[in-house]
Structures are given as structure tokens and as C-alpha cells.
Amino acid sequence: MTGTTPRRDWLLHLGVIALLFGVQFVLPAYHYSNFSKIMVMASFAIGYNILIGYTGLLSLGHAMFFAAGLYGAGLTVHHLGFDPLSGFLAGLLAGLCLSIAIGLVALRTSGVSFMIVTLMFAQAGYLLTFYFGELTRGDEGFVLKEELLRVVVGDTGFNLIEPAARYNLALLLFTVCLLGSLILVRSAVGRVLIAVRENEQRTTMLGYHAFLYKLLALVISGTMSGAAGATYALLFTYVGATFAAIQYSILPLLWVLLGGSGTTLGPLLGTMLMFYLVDFSSGETSSYMLLVGAALIILVLWAPKGILGTLREKWVPWLP
Amino acid sequence: MTLLVTSELSRRFGGLNAVDQVSLVLDRGEIRAIIGPNGAGKTTLVSMICGRVAPSSGRIVFEDEDITGMRPWQRVRHGIVYTFQITSIFGNLTCFDNVALAAQRSDTWATGRWWPRGHGHLAETVLAVLDRVGLSGYGDARASTLSYGHQRLLEVAIGLALRPKLLILDEPTQGLAEDEIVSFCALARDIAREATVLLIEHNMPVVMEIADRITVMDNGRILAEGSPAEIKANAQVQRAYLGT
């Protein structure tokens, strides 16, 4: 019966986390750093997936939530001298507040209008980073100084940009986001979100205030994206307007579609494949985006549900 | 005892009076059938009662409370449940999840909590409801894989899991086979023991068999109202609808 034997799900997800923990001891330095970045970006994609995959809302403006976290952490640490943990919380809070505000306005629309409204808000956010250029230094961005990223624990301490600290903190963020999304979609609330995705009007006639559930999904999604942005700023030290640009609204969409929209592990798989596809093809040719485009066309033609979505449909129906 | 009253309820679509000054009184525990030719305004009337369509004028009172301006999901909480004419179950979800969506909703209302009680409790409720409509054993099946008749039953199961005081069934037997209709009639009588049933139905034998009272609509107005025997004998109804 659906949901009565959740242990298989948990074993699979904990297994993936354990695997990510384990490979750090064997990965060469180059991939070690890549994996840290992939786990942060996969957390962003997990947040995005809650909205598109489980609630059926396609946002074209998620860069603004990522950037809210990125700047929320970056600016407070850089200008106000916040310690890294406070900076992270500031970024998280920025993502939370922004998603509530945007949700209250944008969720009055749906479908194509929702895509356009989120896109417009994200563009406004992008331009804001230039408007406050004195603080953000716009496109050029700024780099957090190493000494600001030192965390003291008891007598000892470590720096966030040390590879091991970076890898394991990225893994921590990823673990929280992944297990959080698993718990959410397996819960009573998750069942309602999926119902909204499948048929919003019918869900209303079951006594659910669909707007509140969509708002909740957007807030969870935006806050996770904000947390990923904050973590990115703190672990990789660079804070710039590129992360608020349209590109970073499209990328999570592509990652999620590639891995499998509406599957909990799809975002990780999609992010990792896309990262290495770009990495590999940019080494072979300067027109690497062509290869990425070709991969996407293949995906849309033969596996529109993404890799894990197709897998679930054909062979592993219990995949969450 | 009166459950629902509509007073002079109207709905205009452009120049068309889909429902025109309808005053209807439903008693607790009865099975009321609404019949009438296509376009008589039956579905528009029940859509106003459940809140999917806003009335142009008139009032709706449910359990002595004016619900005219109430949103649809709030009406469900008050016990007004609508099952769709066009089957609109969640095809990609299992039958279990379809019913669980409704059951967890009514459970949070019953307990006054934000969160439904544990999974075991929910599962018990869901399986009992599936069993009641004759779908036991189908819990794990994807709803879209069911036969049409079974999908209609699932639709009723979703309605029942919301613990309705007033269950509105919009053409429930449409497209069902003979034996399915027989078991549906038994189910409707069973439901009527704890809820009021408002039924839109074209199948006259079904209406005559299970309805306590019948309301006949034509051109948005109530043409006649009475027991099945009275309606059968009503000359006006025969002219307008039964076609003799």
C-alpha cells in the first residue's frame, strides 16, 4: 500500500548520502571541488523541483531566490562583518521573506502568466544588483575575504574554504534538502501538493484552499534555493550578479528536467550529469553549448519525464 | 428537519437565465432527485450550492447559516460535497491516495488539528471507505487504470471520505452497466442513512426507485416537485419532459 512501507525509500536516500560521504576519500582534487559545487547546486534544484515537480508550478525566476540567499549572506558577511553562521541565516531569511512576498503576488496568476510574472520579478532583482552597485559591484561582484570565513568551534576552528570543510558542509546542506523533500512529498501535505499539480479545481472541491498550499510550496522552494545561494557564497566566496541573471533561472529547470521532474533524486542526477556534460564538452570544443542543446533535444524527444521519471514509469514504480 | 434552503436563486450567463428564481428546500436524510431536459439548469443549480458557480442573485442557507458568499473549500468543511459529472479523479495517483486526500482532510477537521492522525489510522479509514463502495483490493491500482464504472465508484468514495452532510451526485449512473446500476442504487440508499443525497439523474428507473422526492426543472425554473408517484401522474411534467 502506498506509503506503508517507506523503509525502501529511506534506505535508498540514506545510501546515496552515505555514498557521497564515502567518495570524498577517493576523489581526486579536481572532482572533489566539483562535487562540492554540484551538491550545493543540487540543493537549489531540489528546491526548484518541489515547485515544478510536485506542485506543477513552472517558475522562470528562481535565480532571484538563489541570489537573495547569495547576497543575503555575502553582503552581511562582507559589509557588516557577520560570522558565517549568521550570514547563512541572513541568506536563508532573505530567501524566505522574498518567497513569501513574491508568492502573495505571483500566485494570483497561473500557467504562462505565472512564468512571465516570475521572470519579470527575477529581472527586476537582477537589475537591483546593479542599482545598488556600490554595495554589490554588479557584474564584477566581490569576493569574501578568507579571514571572514573562519569558524571557531571550542578551542579549534576551521575555514569554510578548506576543501574538506567545503565538501562536508555542502553535503550537510544537500542532506537536509534531500531528506526534507522526501519527508515533504511522503507526508499528508505532499499528497495535497501533488493533487494540486494533477487537478487544482478538484483539490479545491475536496476542501483544500489551493492557494495556501501553492504558497507553502513556493516558500519551501524559495527558502531552499536561498539556503543554497547562501551556502554558495560562503563556500565559494564569490558573490556576483551572474547568479541573479536569467541563466540561473533556466539551469535548475534543465537540471530537474534531465534528472526527472517530480522525483526526489532527479535533481542530483540532473545537476551532476549536466555539470559533467558541460565540463567534458567544453574541453573538446568551444561550442560546448551545442552539445548540451543536443542532449536536451534527445531528452525531450525520447525521455520527456527525465531519467528517473522514465525509470519510475517503466521499472521502479515505488521511486518517490 | 430542514438542511438546505435556496431562496429565489438565479444565475444568468449573458442573456441566458440558466437558473431562474429557484427556491428549493431539502430535508435532512432524504434522497432528492433533480430531473429535467438538457440545459434545464440542474448542474448550474448544484454548482451554486457547492460554490463552484457564484449566483447572480438569491440566497443559500445551509443548517440555518447563510453560505451564499462562502468559498467552495469552506463549504466542503460544512459538509457540502460535490461529485463531478465528468469523472475527475486523480488519474495518476493510486486509489488509496485519491481517497486518502479526502480522508486526511476530514480527519483534520474532526480532530481540530493541523495534521492528520498517523498513517495507520488514515489507512484504516481509507480501506473502510474503499470497501464500502465495493473497491476493496484496488488500493494500489492507479486510478486511471480502473474501468469507467469503477472510476465512478471511486469518485463516490472520495465524496464519502469527506464525511458529507449533503452529498451531491451529478449523473452518477451515466455510462454504468446494468449490474453496476443495481449496486449503485443499494449504495445510495446506504449513504442516505447518514447523509442527505441530492442527485441529478437521467435514468428514470433509478430515480423512481431510490428518490424520496423529485424536483423537475425546465428552462431554469422548477416545474414540479413531489413524490415519484406524484411526478409520474403530473400532466404538466409528462408534457414537458416525459414526452407523452
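Among contacts in chain A between residues at least 6 apart in sequence, what percentage join residues at least 24 apart? In this predicted model, the share is 76%. Of the 320 residues of chain A, 46% count as buried.

The secondary structure of chain A consists of 14 helices and four strands. The radius of gyration of this chain is 19 Å, close to the 20 Å given by the globule rule for 320 residues, so chain A is as compact as a globular protein of that length. The C-alpha trace of chain A spans about 55 × 45 × 45 Å along its principal axes.

Helix 14 of chain A, comprising residues 306-314, illustrates the burial within this chain at the level of a single element. Buried positions in this helix are A:Gly306, A:Leu308 and A:Gly309. Viewed down the helix axis, the buried residues of helix 14 fall within an arc of 125°, and they therefore line one face of the helix. The cover over these buried residues includes two further helices of chain A, namely helix 11 (247-259) and helix 12 (266-284).

In chain B, four strands form an open sheet in the order 2-1-4-5, and the pairing is antiparallel. The edges of the sheet are occupied by strand 2 (16-27) and strand 5 (65-66) of chain B. Each of these two strands has a single partner strand, so one side of each is left without a neighbour in the sheet. Strand 1 (residues 2-13) and strand 4 (residues 57-62) of chain B run antiparallel and are joined by five bridges. Within this pairing, B:Ser10 has B:Ser57 in strand 4 as its bridge partner.

The two chains also meet at an interface, where 18 residues of chain A are in contact with 24 residues of chain B. On the side of chain A that touches chain B, the elements giving two or more residues are helix 8 (188-198) and helix 9 (200-204) of chain A. Helix 8 of chain A gives the most to this side, with six residues. By class, the side of chain A that touches chain B is made up of eight nonpolar, seven polar and three charged residues.

Note on methods: Residues numbered from 1 in each chain as written. Chains lettered and ligands numbered in written order. Predicted model: local features only at pLDDT ≥ 70, side-chain atom pairs only at ≥ 80, totals over all residues. Contact = placed C-beta atoms within 7 Å. Nonpolar A, V, L, I, M, F, W, Y, C, P; charged D, E, K, R; others polar. Rg over C-alpha atoms; globule rule 2.2 N^0.38 Å. Buried ≥ 20, exposed ≤ 12 C-beta atoms within 10 Å, placed from the backbone. Pairing = 2+ DSSP bridges. Arc of directions from axis to C-beta.
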